[in-house]
Amino acid sequence: GLLKPGMSAEVTVIVAERPDALTLPNNAIVTQTEVLAAASVLGVPEARAQIDPAIFQEMTRELAVRRGGPAAAAAAAGDATASAGPVTPADVRARVERGEITQEEARTLIQQAMGAGAGAGRARGAGGAAGGQRARSGASAENGRPGVVFIRGADGLLTARAVLIGVNDWNNSEILMGVEEGEVVALIGGAALQARQQERNAQMQSRMGGGLPFGR
């Protein structure tokens, strides 16, 4: 009875909770399509920013084995294929150059990819995570979805590394696999990443004839 006609309220809905979760700041994690742009922002050579998409399938199977044994791993194999992440503009360009797909097929792939979705931070353990903003279905949170972070090694250099992400909120994401507690990761400014991604998309569009819808 507190709300009257015309009044509004702000509420928080908890869709999932993970006690003792390993978490990372959301601005430490990028998608596969953002990896090269993020590497450019951070000054990381492309050679240290390469991620084999197949690793996400392996990580998903390993996660399933840890949780439920070989049967669960077999059941998760299909999910891993589906969640290996969207294609990148570089992938599409290479396939066009090899004659594997037409320009029209390339446009379709890019449309699908676009529709899918510097400082330092430290992986935190025992902090817990609550799923909210941008969280996907319970199945996706359980099985993990692909992401990429840039880890600072003992040599002080940053290298891209694949991770599986669980639930997330406005600030942090649960890390199911790929990062250990205490490792140092790079934080990436959202504005800088967006600007560099738009620049790369414009360059790619120009190289492929100006017909691909990289921008929104």
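1. Let's begin with a pair in helix α2. In this predicted model, Arg66 and Glu62 both sit in helix α2, which covers residues 54-82, and because they are four residues apart there, about one helical turn separates them. The two form a salt bridge, and their closest N and O atoms are 2.9 Å apart. Arg66 is exposed, at 56% relative accessible area, while Glu62 is partly exposed, at 38%.

2. How many salt bridges does the model have? The count comes to four. As general background, side chains of opposite charge can pair when their charged atoms come close. The pair in helix α2, Arg66 with Glu62, is one of them, and the next two points take up two others.

3. Arg161 and Glu183 form a salt bridge as well, with 2.8 Å between the closest N and O atoms. Arg161 belongs to strand β6 and Glu183 to the loop between β7 and β8 (184-187), so this pair ties together parts of the chain that are 22 residues apart in sequence. Arg161 counts as partly exposed, with 28% relative accessibility.

4. Arg48 pairs with Asp155, and here the closest N and O atoms of the salt bridge are 3.9 Å apart. A salt bridge is counted within 4 Å, so a distance of 3.9 Å still qualifies. On the surface side of things, Arg48 is partly exposed at 27% relative accessible area, whereas Asp155 is exposed at 52%.

5. Is strand β7 mostly covered or mostly open? Strand β7, residues 172-177, is mostly covered, with six of its six residues buried. As for its partners, strand β2 (residues 23-25) pairs with β7 in the antiparallel sense over three bridges, and within that pairing Thr23 stands opposite Glu174.

6. Strand β6, residues 158-168, also pairs with β7 in the antiparallel sense, over three bridges. Leu164 of β6 stands opposite Met177 in β7. These two strands form a hairpin, with three residues between them. If you are following along in the viewer, recall that β6 also carries Arg161 of the salt bridge to Glu183.

7. Now for the loop between β2 and α1, where Ala28 has its place. Ala28 is buried, and its relative accessible area is 0%. What is Ala28 in contact with, once neighbours within four places in sequence are left aside? The residues are Val148, Val149, Val185, Ala186 and Leu187. Ala28 also lies 9.9 Å from Ala38, C-alpha to C-alpha, with the two being 10 residues apart in sequence.

8. Thr33 is found in this loop too, between β2 and α1 (35-42). Thr33 has a relative accessibility of 17%, and because buried means under 20%, Thr33 counts as buried. The side chain of Thr33 makes a polar contact of 3.0 Å with the side chain of Thr31.

9. Following the chain into α1, you will find several buried residues: Val35, Ala37, Ala38, Ala39 and Leu42. Ala38 is the residue whose C-alpha is 9.9 Å from that of Ala28. Just after α1 comes Gly43, which takes a positive phi of about 75°.

10. Which residue has a positive phi although it is not a glycine? That is Asp20, with a phi of about 55°. In general, most residues other than glycine have a negative phi, so this one is worth a look. Asp20 is found in the loop between β1 and β2 and is exposed, with a relative accessible area of 65%.

11. Finally, a word on the surface before β1. Val11, Val13 and Val15 form a nonpolar patch there, with about 310 Å² of accessible area together. Val15 is found in the segment before β1 (16-18), and Val15 is exposed, with a relative accessible area of 55%.

Note on methods:
Residues numbered from 1 in each chain as written. Predicted model: local features only at pLDDT ≥ 70, side-chain atom pairs only at ≥ 80, totals over all residues. Heavy atoms only, no water. Buried < 20%, exposed > 50% of the residue type's maximum accessible area, 1.4 Å probe, protein only. Pairing = 2+ DSSP bridges. Patch = residues over 30% accessible without salt bridge, like charges linked within 9 Å, V, L, I, M, F, W, Y side chains within 5 Å. Areas by Shrake-Rupley, 256 points an atom, 1.4 Å probe, with all protein chains shown as cover. Salt bridge = Lys/Arg side-chain N within 4 Å of Asp/Glu carboxyl O. Polar contact = N/O pair within 3.5 Å; in protein donor to acceptor, adjacent residues only side chain to side chain. Contact = heavy atoms within 4.5 Å.
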